[in-house]
Amino acid sequence: MDLTETEISSKQIFTGRIVDLSVRTIKLPNGETATREVVKHQPASAAIAVNDKQEMLLVEQWREPIKELTLEIPAGLIDETDASPLDAMKRELNEEGGYHADYWEKITEFYSSPGFTNEKLYLFYCDTLTKLTDKKALDPDEFLTSHWYSLEKLKQLAAQGKIVDAKTLYAMSVWENMLLTSANTRD
């Protein structure tokens with residue numbers, strides 16, 4: 001059975017700085033029609049930034065949609081000044097953490113929630129970090145603090161429901177798998 005849905009029409013409801021919202025009428029595989037609310041979102045980059053103590057950098061910031069403080073890996077939108085997703089992440093690591101990394105590795109790219117948005121995230125790993133003396137300023141509407149956590153502490157925080165951000169939970173899993181793979185190759 002072909003599971004493809006076909007767009008019949010689309011109506012733009014909202015156009016914003018970061019997101020656009022449209023309502024689409026689609027033809028289902030069985031021939032019936034349905035409505036889909038679709039959020040078009042700018043792509044973003046995120047990083048698993050690990051220091052020489054084997055701790056991951058997280059930022060704490062207020063997230064208005066859920067009305068609470070969150071702990072998240074450094075991340076940010078890819079904007080017109082960025083030549084690539086990696087350039088965006090290097091800028092964000094500077095802005096949000098005040099660090100430069102000598103080693104970068106692209107881990108993967110994924111969609112945050114493809115049931116309603118096309119937001120694509122590029123996930124990188126970086127280490128060999130240097131604290132910068134010329135840290136870039138945060139965006140005017142951005143307020144955050146940064147903290148370092150061991151994998152064990154991250155797992156405790158996640159088990160306590162204190163890490164609720166999906167990209168961060170995923171990044172923790174990736175980092176743990178990287179550590180396990182590295183340990184197994186040394187044995």
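**Close-ups of a sheet and its cores**

**View 1. Who sits around isoleucine 48?** Setting aside neighbours within four places in sequence, isoleucine 48 is in contact with Met56, Leu123, Phe124, Tyr125, Cys126, Ala171, Val174 and Trp175. Keep in mind that this is a predicted model.

**View 2. The largest nonpolar core has 19 residues**. Ile48 turns up again here: along with Leu58, Leu154 and Trp175, Ile48 touches the most other members. At least two residues apiece come from β4, β5 (55–63), β9, α2 (151–159) and α3 (166–186). Helix α3 chips in the largest share, with four residues.

**View 3. Another core, of 13 residues, lies apart from the largest one**. Its members include Leu93, Tyr99, Phe124 and Cys126. Two of these names, Phe124 and Cys126, also appear among the contacts of isoleucine 48.

**View 4. Four strands make an open sheet in the order β7-β4-β9-β8**. Pairing in this sheet is mixed. The edges belong to β7 (75–77) and β8 (99–111); each has a single partner strand, so one side of each has no neighbour in the sheet. On average, neighbouring strands are turned by 25° against each other, direction ignored.

**View 5. Zooming in on β4 and β7, an antiparallel pair**. Strand β4, residues 44–49, is joined to β7 by three bridges. In one of the pairings, alanine 46 has alanine 75 of β7 as its bridge partner. Helix α1 (residues 85–97) packs on the sheet and touches β4, β7, β8 and β9 (120–131). The direction of α1 makes about 125° with that of β8.

Key. Residues numbered from 1 in each chain as written. Predicted model: local features only at pLDDT ≥ 70, side-chain atom pairs only at ≥ 80, totals over all residues. Heavy atoms only, no water. Pairing = 2+ DSSP bridges. Axes fitted to C-alpha atoms, helices over the stretch in contact; angles between N-to-C directions. Contact = heavy atoms within 4.5 Å. Core = buried A, V, L, I, M, F, W, Y, C linked by side-chain atoms within 4.5 Å. Buried < 20%, exposed > 50% of the residue type's maximum accessible area, 1.4 Å probe, protein only.
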